Amino acid sequence: MINPLYNKLDLSITIKKLDVVIKRFKIETPVKTSFGTMTERPAVFVRIQDDQGAFGYGEIWCNFPACGADHRAKLFASEIIPRVHDKHFDSPQATFEQITNSMHILALQTGEFGPIAQAICGLDIAIWDLVAKRHNISLHNLLNESTNIIDVYASGINPKNTGETVAKLQAMGHSRFKLKIGFGKETDLNNLQDARDTMSDGQELMVDVNQAWDIETALNELPDVQAFNPRWIEEPLRKDAPLNDWIAFKKACTTNVAGGENFDDMLEFDQAIDGNWMDIFQPDVCKWGGITKGHEVAVNANQSGKVYCPHSLGGGIALAASAHILAASGSGVPGVLEVDNNHNPLREDVFPITPVDGQISLADLPGLGVETEVLDHYFKNPD
C-alpha cells in the first residue's frame, strides 16, 4: 500500500548522471556459513543525479563470493547506465518495470538472472532515495503512513565463541539473536545451548540453516533444535527443494518457518504465501526487487497474516532500505530488522544505528537517511 501522498507528488525522474563504485573491507574474523566463509566484505554502491540536481544512493548485492562485486559493477556500468541515462521515467515503479523488461532477453541469453536483478535493485533503491529527498520526506513516510520505531535482531553469529558473541551483543543493546546452524548436529546443539545459557529471560533466539539440510536431516534435527524454542527456523531446505519437502517440514515444525532471501520473482513469494508452508518472509532489497517489489512483498505478506522480516547482510544502504520498507510494511504482526553483528564500516559508517532494548528509531531525514558525505568520499576515493 502506497501512502496517498504518493499520488499527489511528482515522482517522475530524468536521470542525468550515474556512478558506481566498489569498496572492500578486509575482516579479521571470517564470517562462516554452511555454504562458505567470507574473508572480506565488499559493497557496490550506486549514485544517481537527476535534471534538478537531486542525488540518490543505491546498493547492489555482492556479499559472497566477493569476486562478484567487480562483475556486478561492470554490469551496471555497461547495461544499466545506457538504458537510463538522460531518459525520463514517470515514477520509480515505472522505471523498475521498464528496465526489468528491457533486460529480460539479456537475462535469458546469459543465464545471469541474479546479477542482472541485483544491478536493477541498485538503480531502484537510488531512485526511491532521490525522489523522497527531492520532496523532503523520509522514504518510509513516502511509502506509507508508518512508524519510525522498529525492532531489530543481531545476525551473523558464527559457530564459535557463541556465548561470548551473544554477551557482547547484549551489551550493545540487542535482545534478539540469530545463530547460524547447519554445521552438524553436535556443533549446532552445543552452540544453541551456549546462546541460551547467555541470554536473559524474555530475549529471543532465531536460527538460520542457510539451506544446509535435506528433508531427512531436517526432520532428524528438528526436535532437538525446537527444544531451544527459536522464534523461527530460517532456510531449513534448499530453495529448490521439492514443494512436498517444504510442506512436510512445515507440518512437522511447531515454530515459524522463514525464508525468501533467495527467491527471485514475485511468483515464488505469492506461491509461498498462498501455500501456507512459510510464515516469515525475508526478501533482500539488494538481491531482487529493490524497494519497488520489496515493499509489495511486505504488504502482501502482512495482509495474508504472515510476517515480513527483511534479509540484510550487506552495506549501509542495504540496511537503511530494509529498515524503511519494514517501517512502511503496514498493519499486521510487526517484523524485525536483521542487523549483521560483524564489524563492517561499509555498513556502520553509512547507516549507523544504536539499538536500545532491541529497537531503533529511524531519524526523520529525507530519503534513506544515509551518510551522504561518507558515500561521496567513497566515490571520490574508489580504491
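In this predicted model, E204 is partly exposed, with a relative accessible area of 26%. The residue belongs to strand 7. Its C-alpha atom is separated by 8.5 Å from that of K178. Along the chain, E204 and K178 are 26 residues apart. With neighbours within four places in sequence set aside, E204 has contacts to S175, R176, F177, M199 and R231.

Strand 7 spans residues 204-208 and is joined to helix 8 (215-226) by a loop that holds N210. N210 is not a glycine, yet its phi is positive, at about 55 degrees. N210 is buried, with a relative accessible area of 6%. A positive phi also occurs at N276, where the value is near 60 degrees. N276, too, is a residue other than glycine. The loop that holds N276 runs between helix 10 (266-275) and strand 10 (280-281). N276 counts as partly exposed, at 47% relative accessibility.

A further backbone feature is found at P65. The peptide bond that leads from F64 to P65 is cis, and its omega is near -10 degrees. P65 sits in the loop between strand 3 (55-60) and helix 1.

Helix 1 covers residues 68-84, and its axis comes within 9 Å of the axis of helix 4. The two axes cross at roughly 65 degrees. The crossing of helix 1 and helix 4 is right-handed. Helix 1 brings H71, R72, L75, F76, I80 and V84 to the contact. Helix 4 brings P115, I116, Q118, A119, I120 and L123. Divided by class, the residues of this contact are 9 nonpolar, 2 polar and 1 charged.

A second helix pair is formed by helix 6 (residues 162-171) and helix 7 (residues 185-198). Their axes are 8 Å apart, and the packing angle is about 35 degrees. The crossing of helix 6 and helix 7 is right-handed. On the side of helix 6, the contact involves T162, G163, V166, A167 and Q170. On the side of helix 7, the residues are N191, D194, A195 and T198. The contact of helix 6 with helix 7 contains 3 nonpolar, 5 polar and 1 charged residues.

Attention now turns to the interior. The largest nonpolar core has 72 residues. I48 and L123 are the residues with the most contacts inside this core. Helix 4, which covers residues 113-134, gives the most to the core, with 11 residues. Another core lies apart from the largest one and has 38 residues. Its members include L179, I181, V225 and W246.

The surroundings of I48 can be given in detail. With neighbours within four places in sequence left aside, I48 is in contact with I13, I15, K17 and L18, among others. Its contacts also include A54, F55 and G56. A further group of contacts includes L123, A126, I127 and L130. L123, one of these contacts of I48, also takes part in the contact of helix 4 with helix 1.

The cysteines were examined next. A disulfide is a covalent bond between the sulfur atoms of two cysteines. The structure holds 0 disulfides. For C121, the closest cysteine sulfur is that of C286, at 6.6 Å. For C286, the closest is in turn that of C121. C121 and C286 are not counted as a disulfide because their sulfur atoms are 6.6 Å apart, too far for a bond, whereas the cut-off is 2.5 Å. C121 is buried, with a relative accessible area of 0%. C286 is also buried, at 1% relative accessibility.

E145 lies in the loop between helix 5 (139-143) and strand 5 (149-157). E145 is exposed, with a relative accessible area of 64%. In sequence, E145 and R347 are 202 residues apart. In space, these two residues are 27 Å apart, C-alpha to C-alpha.

How values were computed. Residues numbered from 1 in each chain as written. Predicted model: local features only at pLDDT ≥ 70, side-chain atom pairs only at ≥ 80, totals over all residues. Heavy atoms only, no water. Core = buried A, V, L, I, M, F, W, Y, C linked by side-chain atoms within 4.5 Å. Buried < 20%, exposed > 50% of the residue type's maximum accessible area, 1.4 Å probe, protein only. Helix = DSSP H or I, 4+ residues; strand = E, 2+ residues; numbered from the N terminus. Contact = heavy atoms within 4.5 Å. Axes fitted to C-alpha atoms, helices over the stretch in contact; angles between N-to-C directions. Left-handed = near helix turned anticlockwise from the far one by under 90°. Nonpolar A, V, L, I, M, F, W, Y, C, P; charged D, E, K, R; others polar.
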